[in-house]
Amino acid sequence: MKTVRVGLGEKSYDILIGYALGEIGRMLKKYTKGIKSLIVTNPTIAEYYLEKAKKSLQEAGFQVFVAQVPDGEEYKSQAEASRLYAKCVEYRLERESIIVGLGGGVIGDLAGYVAATFMRGLPIVQVPTTLLAQVDSSVGGKVAVNLPEGKNLVGAFYQPFLVYIDLAVLKTLPVDEMEVGMAEVIKYGVILDKKFFEYLEKKIGELRELDMEVLERVVARCCQLKAGVVEEDEREKGLRSILNFGHTLGHALEALTDYKKYKHGEAVAIGMVGACRIAEKMGMLKKEVRDRIERLIEKAGLPGRIGAELSVDSIVQVLSLDKKVRAGKVRFVLPERIGRVVVRDDVPEDIVRDVITGLME
Ligand SMILES: NC(=O)c1ccc[n+]([C@@H]2O[C@H](COP(=O)([O-])OP(=O)(O)OC[C@H]3O[C@@H](n4cnc5c(N)ncnc54)[C@H](O)[C@@H]3O)[C@@H](O)[C@H]2O)c1
Ligand SMILES: [Zn+2]
């Protein structure tokens, strides 16, 4: 297995990347003295992977409990967290018991939130099963639930003690969910790593087709890049905000359409195109580089245009409500070249308007 270390002092942990969900129990034994474990998952994932994970844990000597949450972002809620706390009490979990988050970002965030808060913190191992979760949400310790008023409004920074990735689980992931993850993969190339971006230009087709060699390299590189950022700035006081490239406009589009029209990765893809165009208009990014980024997004099967049913005004208005607004200013992460971005809060509104108008054509 490949190992990527996230170095955070006594909160440091490994990300193990391989093909061995069936070995998770044996591996976990090396990382914990706990005996009781609670697998948090949903029925979609359970159908494919629960038995394998459960059996492996049992064979390694863990006592295994299971809690299933219905499938969907709307269940990343305080109500579901409360149901999970009740399970933790019912199964008499104690300080050394472990929580196993087996699923995509929704399960990971929810299970992580429960782990962070139940008895002031139980150890959690993240077992991400979507590409997005493997390259992004399982690494870095952000855990949260949504409120009716907005996404991820209640949460914590709470690092897992291990991230255990089986790449083979992506074989059952629907293609559009693969694309969601690919938007984040492209994001890492643009913000941090030109060589990786060039690799993606060559291999994006293979990635879509789940070529395991490519997948392994991509997931490992993304984990390394994210780990590097988190090590520098765990609590998003500065550097970590570059991970929001494409997300300023992306979040606005998602919020404006009630999270129904766009998948997260689609909104981020459009947001990345928007950010590149803003950067170009600000005189920071060359047109040919912008074209190159747009081409890769398109090759990944991701959109680069906003549906005409939204108005420019409504988008601009929602942008200014984005929670990344600081002192009334909207912050954009803008590329200067491939592999380097800056955070700017001084983009003139006419440029934003122009770019959004252009994205609707
Ligand atoms: N904590 C962070 O740093 C962070 C970062 C990015 C996103 N997020 C959060 O992640 C969530 C989105 O995560 P997601 O994109 O993984 O979505 P998701 O968890 O909803 O999973 C997408 C769909 O795929 C299904 N699925 C998962 N794994 C599967 C598999 N191997 N085979 C078949 N189906 C499978 C799920 O049941 C679900 O229907 C959002 O709530 C977002 O806020 C968190
Ligand atoms: Zn994202």
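These exercises, each with a worked solution, explore a predicted model.

**Exercise 1. Classify the ring pair formed by Y48 and Y49, and find how exposed each residue is.**

Solution.
- Start with the approach. A pair of aromatic rings is described by the distance of the centres and the angle of the planes.
- Take the total. The model holds three aromatic pairs.
- Check the distance for Y48 and Y49. Their ring centres lie 5.6 Å apart. The cut-off for a pair is within 6.5 Å.
- Check the angle. The planes of Y48 and Y49 stand at 40°, so this pair is tilted.
- Turn to exposure. Y48 has 45% relative accessibility and counts as partly exposed. Y49 has 12% and counts as buried.

**Exercise 2. Classify the ring pair of F65 and Y91, and locate both residues in the chain.**

Solution.
- Read the geometry. The ring centres of F65 and Y91 are 4.3 Å apart, with planes at 10°.
- Apply the angle rule. Planes under 30 degrees apart count as stacked, so F65 and Y91 form a stacked pair.
- Place the residues. F65 belongs to strand β4 (residues 63-68), while Y91 sits in the loop between α3 (78-90) and β5 (98-103). They are 26 residues apart, and the pair links distant parts of the chain.
- Test for burial. The limit is under 20% relative accessible area. F65, at 17%, counts as buried. Y91, at 15%, counts as buried too.

**Exercise 3. Find which charged residues lie over the faces of Y188 and Y199.**

Solution.
- Look at Y188. K187 lies over its face, 5.2 Å from the ring centre.
- Look at Y199. R217 lies over the face of this ring, at 4.0 Å from the centre.

**Exercise 4. Name the protein donors of the zinc ion (ligand 2) and trace them along the chain.**

Solution.
- List the donors. They are E184 (OE), H247 (NE2) and H264 (NE2). Their distances from the zinc ion run from 2.0 to 2.1 Å.
- Write the spacing. Along the chain the donors follow E-x62-H-x16-H.
- Locate two of them. E184 is in helix α6 (residues 175-192), and H247 is in helix α9 (residues 247-256). With their positions 63 residues apart, this pair links distant parts of the chain.
- Check their exposure. E184 has 0% relative accessibility and counts as buried. H247 is buried as well, with a relative accessible area of 6%.

**Exercise 5. Describe the surroundings of ligand 1, from its polar contacts to its shell.**

Solution.
- Count the neighbours. Ligand 1 is surrounded by 26 residues. The closest are E73, G105, T129, T130 and T172.
- Take the side-chain contacts. An N or O atom in the side chain of D71 is 2.8 Å from an oxygen atom of ligand 1. K76 brings a polar side-chain atom to 2.8 Å from an oxygen atom of the ligand.
- Add a backbone contact. A polar backbone atom of K142 is 2.8 Å from a nitrogen atom of ligand 1.
- Work out the cover. Alone, ligand 1 exposes 860 Å², and the protein buries 87% of that.
- Identify the elements. Those giving two or more residues to the shell are α2 (43-59), α4 (105-117), α5 (131-137) and β8 (150-157). α2 gives the most, with four residues.

**Exercise 6. Place E234 and find its side-chain partner.**

Solution.
- Locate E234. This residue is in the loop between α8 (212-232) and α9.
- Judge its exposure. At 13% relative accessibility, E234 is counted as buried.
- Find the partner. The side chains of E234 and Q159 share a polar contact of 3.0 Å.

Terms used: Residues numbered from 1 in each chain as written. Chains lettered and ligands numbered in written order. Predicted model: local features only at pLDDT ≥ 70, side-chain atom pairs only at ≥ 80, totals over all residues. Heavy atoms only, no water. Phe/Tyr/Trp six-rings, centres within 6.5 Å; stacked < 30°, edge-to-face > 60°. Buried < 20%, exposed > 50% of the residue type's maximum accessible area, 1.4 Å probe, protein only. Lys NZ or Arg CZ within 6 Å of the ring centre and 35° of its normal. Donors = N, O, S within 2.8 Å, 3.2 Å for Na, K, Ca; no water. Near = heavy atom within 4 Å. Polar contact = N/O pair within 3.5 Å; in protein donor to acceptor, adjacent residues only side chain to side chain. Areas by Shrake-Rupley, 256 points an atom, 1.4 Å probe, with all protein chains shown as cover.
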